[in-house]
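Hello,

I am passing a structure on to you, and I hope you enjoy looking through it. Below you will find it together with its sequence, followed by my notes on what turned up.

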Amino acid sequence: MSRVRILFMGTPDFARQALESLLSDEHFEVVGVVTQPDRPAGRKMQLTPSPVKSLALERGLKVYTPEKVNTPEFRAEIEALRPESSVVVAFGQILGDAFLALFPQKAVNVHGSLLPKWRGAAPIQRALMAGDPETGVALQIVVKKLDAGPVLGVRKLALPIEMTAREVYPELARLGCELLHVEYMDYLRGNLTPHEQDESQVTIAPKIDKRESAIDWSRSALEIQNLVRGLALGPVPHARRENGATFKVCGAVAMDSETAGAKPVGTVLRVDELGLDVQCGQGVLRLTLLQPESRAKMSVADYVRGYSVSMGERLQNGLIQ
């Protein structure tokens, strides 16, 4: 089989790894790369290329950064590349029917969930926030309806309670590359038939709202731990001290405790080198890694040396902005 002419569409580092994988596979020829326009980033808010754009330029590929992909003008540019198929990974725009019709062998999408569970913008975060025991990555045919296309294959990943989004992202990116090397190629060769998703099992993973990062101590310790796990890459969950100072919670563990329920929610029950125990609506949460305002992350032992914390202090909920 001759090399398949591929249009790659993606934006973040998760997508960059998929592009690297395709470029290393002799079965594919990447004829162009479509990514989001440069966006302001960093403290100075300088225009910064996406991780996918940076890699594509390094490799001398044709790069396109349209604000809208579904215009007749942009479709004509892509049609001139004569792509046979497209690989879409965390691109950031909905593809219309006319655009999808450009690819004789369809467009496929690497999605960070076990479809039909967690369709939408934040599948990895939502799986962790919900306390799912496993997640995974799915390869699907792109259709106009969001993440609803037939599935070509999946790879599963167990989610032990200590695993956060920071560890899950690279694992799913690696598994997504496996799907492109194996199932995608099998599909292009005509050896794999996609299967329809079970619509009765659909759950939605909406984009994370910054307000969700405000810790509410009336929730259970396990719910708050899962919030910290899911939002490890931001927006990091935060709460407040009695004096109004805010701090981010970067590490936390739900604990079994004999004192659970004996004090009002938010009460500091214990402070030592192992952590800071806080009464929740159900159970006790041990905070292990904190980040004060305008400071780096630090262990609780380091935090209490610089920011005195006493047993009995009542921590406040995060600010909903």
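Let me begin with a small puzzle: does Arg 174 count as buried or partly exposed? Arg 174 counts as partly exposed, because its relative accessibility is 40%. Please keep in mind as you read on that this is a predicted model.

The overall picture

The protein has 321 residues, and 50% of them count as buried. Its secondary structure consists of 8 helices and 15 strands. The C-alpha trace spans about 70 × 45 × 30 Å along its principal axes. If you look at contacts with a separation of 6 or more, 67% of them are between residues 24 or more positions apart.

Salt bridges

Side chains of opposite charge can pair when their charged atoms come close. In this model the count comes to 18 salt bridges, and here are some that I looked at.

Back to Arg 174: its side chain meets that of Glu 171 in a salt bridge, at 2.8 Å from N to O. The two residues are 3 apart in helix H6, so about one helical turn separates them. Glu 171 counts as partly exposed too, because its relative accessibility is 28%. This pair also belongs to a network of salt bridges that links Arg 155, Glu 171, Arg 174, Glu 178 and Glu 183.

A second pair is Glu 199 and Arg 119, whose closest N and O atoms are 2.8 Å apart. Glu 199 sits in the loop between H6 and helix H7 (221-230), while Arg 119 sits in the loop between S7 and H5, so this salt bridge ties together parts that are 80 residues apart in sequence. As for their surroundings, Glu 199 is partly exposed, with a relative accessible area of 43%, whereas Arg 119 is buried at 3% relative accessibility.

The third pair joins Arg 286 and Asp 277, again with the closest N and O atoms 2.8 Å apart. Here Arg 286 counts as buried at 13% relative accessibility, and Asp 277 is buried as well, at 8%.

Ser 85 and its neighbours

Ser 85 is worth a visit on your tour. You will find Ser 85 in strand S6, which covers residues 85-89. Is Ser 85 buried or exposed? Ser 85 is buried, because its relative accessible area is 0% and the cut-off for buried is under 20%.

Leaving aside residues up to four places away in sequence, Ser 85 touches Arg 5, Ile 6, Leu 7, Phe 103, Gln 105, Lys 106, Tyr 184 and Leu 188. With one of these, Tyr 184, the side chain of Ser 85 makes a polar contact of 2.6 Å. Trp 217 is another matter: it lies 132 residues from Ser 85 along the chain, and the C-alpha atoms of the two are separated by 49 Å.

The largest pocket

Rolling a probe the size of a water molecule over the atoms shows where empty space is left. The largest pocket holds about 1,100 Å³ of space. Its lining is made up of 38 residues, and those nearest the centre are Val 89, Ala 90, Phe 91, Gly 92 and Ala 121. Several elements give two or more residues to this lining: helix H1 (13-23), S6, strand S7 (107-111), helix H5 (123-129), strand S8 (134-141) and helix H6 (165-188). Sorted by class, the lining has 21 nonpolar, 12 polar and 5 charged residues.

Two more residues to look at

Arg 16 lies in helix H1. At 18% relative accessibility, Arg 16 counts as buried. Apart from residues up to four places away in sequence, Arg 16 touches Pro 51, Val 52, Ser 54, Leu 55 and Glu 58.

Asp 272 belongs to strand S12, which covers residues 268-272. Asp 272 is buried, with a relative accessible area of 16%. A polar atom of the Asp 272 side chain lies 2.8 Å from the backbone nitrogen of Leu 274.

Happy exploring, and do write back with any questions.

Best wishes

Technical notes:
Residues numbered from 1 in each chain as written. Heavy atoms only, no water. Helix = DSSP H or I, 4+ residues; strand = E, 2+ residues; numbered from the N terminus. Buried < 20%, exposed > 50% of the residue type's maximum accessible area, 1.4 Å probe, protein only. Contact = heavy atoms within 4.5 Å. Polar contact = N/O pair within 3.5 Å; in protein donor to acceptor, adjacent residues only side chain to side chain. 1 Å grid on protein atoms, 1.4 Å probe; cavity = no way out; pocket = protein on both sides within 12 Å on 5 of 7 lines; lining within 4 Å. Points joined across faces, edges and corners; volume = space filled by probe spheres on them. Nonpolar A, V, L, I, M, F, W, Y, C, P; charged D, E, K, R; others polar. Salt bridge = Lys/Arg side-chain N within 4 Å of Asp/Glu carboxyl O.
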